[in-house]
Every structure is written in C-alpha cells, then in structure tokens.
Amino acid sequence: QRFFSSLVYVIAYIGISLLLSAITTFWAAVFFGCILLINIKYADKINEMSEVFNQVSISLSSFISSLTRNKKFFKATSKNRFYIDVVLDKVKEVNKKTWDLTLISGILKTFTTMMGILFIILIFLFHSYLNINLSELIILLLVFKQLAPQFTILSGNYTRISEKIPIHQSA
C-alpha cells in the first residue's frame, strides 16, 4: 500500500514538472532512473542477504527449541557446553546478518536521499543553461523538493519489500 501511494505521488510530481519544463523533466527521469537502477540492484542484494538471514534465524530457532525441549538431557550430559557454544555462535551469526542488512539498507537510503538533494542543487546551479526563468525555477524547485523525498520513500518501500519476501516465502 505504501509502495503504491509513493508511486502515485512520484507520478503526479513528474507530471507537474513535465507541464513546466519538458527538458528538465527528461533530465530528472534520466537522473532518477539511474538511481532507480542502483536501488534495484542493491534491493536484489538485500533480498539475497535476507534469505541468508532467514535461514540463520530458522536454524537458531531450531537450536533453541531443541534446547528447551531437552532441558533434563542437557543438564545430565557433559556435552552441554558444546551445544551452548553452537547456539551462541548462531546468535552471533544472526546479529552479524542483522547488522549487515541494516548497514546496506541505511547506505542505500542515504545514497538515494543525497542524490535527490544533489539533483535539486544541480537544477539551481544550471538553470541558465536549461533556459529556465526565475519563476519556473522556483516552481520546479518546489516540485522537485517534494519529488526527491517521495522517490526516497518509494525506493525505501521497494527495499523493505525485497527484504521481507524471503520471510514470507519460508512461512
């Protein structure tokens, strides 16, 4: 639902900018298209990382479930330290995968936000080259000021969907 509402906002803002300046909208489409391709590439990477995270989480869950079902057996045996070490290694692995997913998602979100701001700055710097008068420049800046965050939200929603797909597929 969030994905589609963000998509509608992006389309509306692009439509408004297209009415104001076709050439600027063309460059915006190229610029944001490149950002979109980078986001799709890294969303696929996040999906792969999420699959690994899901498998590690399932494995940890199995170990913990086995531990709780066989408490008396583990208390009676001398090998319980080995099993506890295995469970602790799984916990460390889950924490590392969580950290990696969070790091890549954060880098991608920061990159997308920074590129949106860079585009707004570029419009301001090159408005004379693009033959945009002052009134069009102000309106375009206001439109792209709204478009850049909506594009960031759209790519963030796509990334979250890519991250959650393996969890839903394993259920």
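**Confidence**

pLDDT is the predictor's confidence in each residue, on a scale from 0 to 100. I began with this value, since I am working from a predicted model, in which local features need pLDDT of at least 70 and side-chain atom pairs count only at pLDDT 80 or more, while totals for chains, interfaces and linings use all residues. I number residues from 1 along each chain as its sequence is written, and side-chain values use heavy atoms, with hydrogens and water left out.

For the protein chain I noted a mean pLDDT of 80, with 90% of its residues reaching 70 or more. I then looked up where confidence is lowest, and found helix H3 (residues 71-76) at a mean of 65, whereas the highest mean, 85, belongs to H4. Where pLDDT is low, the predicted coordinates should not be read in detail. Helices here are DSSP runs (H or I, at least four residues), numbered from the N terminus.

**The nonpolar cores**

I next looked for nonpolar cores, meaning sets of buried Ala, Val, Leu, Ile, Met, Phe, Trp, Tyr and Cys residues joined through side-chain atoms within 4.5 Å; buried is under 20% relative accessible area, exposed is over 50%, and partly exposed lies in between (1.4 Å probe, protein chains only). The largest core has 20 residues, and the members that touch the most others are Phe32, Phe119, Ile123, Phe144 and Leu147. At least two residues of this core come from each of helix H1 (2-20), helix H2 (22-69), helix H4 (80-125) and helix H5 (134-170). H5 gives the largest share, nine residues. Apart from this core I found another, of ten residues, with Phe53, Val56, Leu101 and Leu108 among them.

I followed Leu147 by its contacts (heavy atoms within 4.5 Å). With neighbours within four places in sequence left aside, Leu147 is in contact with Val10, Tyr13, Ile14 and Phe32. Phe32 itself is buried, at a relative accessible area of 8%.

**Aromatic rings and charges**

How many aromatic pairs does a search of the whole structure find? I recorded four, taking rings of Phe, Tyr and Trp (its six-membered ring) as paired if their centres lie within 6.5 Å, with planes under 30 degrees apart counted as stacked, over 60 as edge-to-face and the rest as tilted. For Phe31 and Phe32 the ring centres are 5.7 Å apart and the planes stand at 90°, so I entered the pair as edge-to-face. Phe31, Phe32 and Phe119 together form one aromatic cluster.

I also looked for a charge over a ring (NZ of Lys or CZ of Arg within 6 Å of the ring centre and within 35 degrees of the ring normal), and noted the charged end of Lys41 over the ring of Tyr42, 5.0 Å from its centre.

For salt bridges I required a side-chain nitrogen of Lys or Arg within 4 Å of a carboxyl oxygen of Asp or Glu, and by this rule I counted one. Lys96 forms a salt bridge with Asp100, with the closest N and O atoms 3.2 Å apart. Both residues lie in helix H4, four residues apart, which is about one turn of the helix.

**Single residues**

I looked up Ile35, which is in helix H2 and is buried, with a relative accessible area of 3%. Not counting residues up to four places away in sequence, Ile35 touches Phe111, Thr112, Met115 and Phe151.

From there I went to Thr112, which lies in helix H4 and counts as buried at 0% relative accessibility. Residues up to four places away in sequence aside, Thr112 touches Ile35, Asn39, Phe151, Thr152 and Ser155. Thr112 and Phe151 are 39 residues apart in sequence, and their C-alpha atoms are 8.1 Å apart in space.

Ser50, also in helix H2, counts as buried at 1% relative accessibility. Its contacts, not counting residues up to four places away in sequence, are with Leu101, Glu163 and Pro166.

In helix H5 I checked Leu140, which is buried at a relative accessible area of 0%. Leaving aside neighbours within four places in sequence, Leu140 is in contact with Ser17, Leu20, Ser21, Thr24 and Ile132.

Is Val8, in helix H1, buried or exposed? I entered Val8 as exposed, with a relative accessible area of 55%. Val8 and Gln150 are 142 residues apart in sequence and 9.5 Å apart in space, C-alpha to C-alpha.
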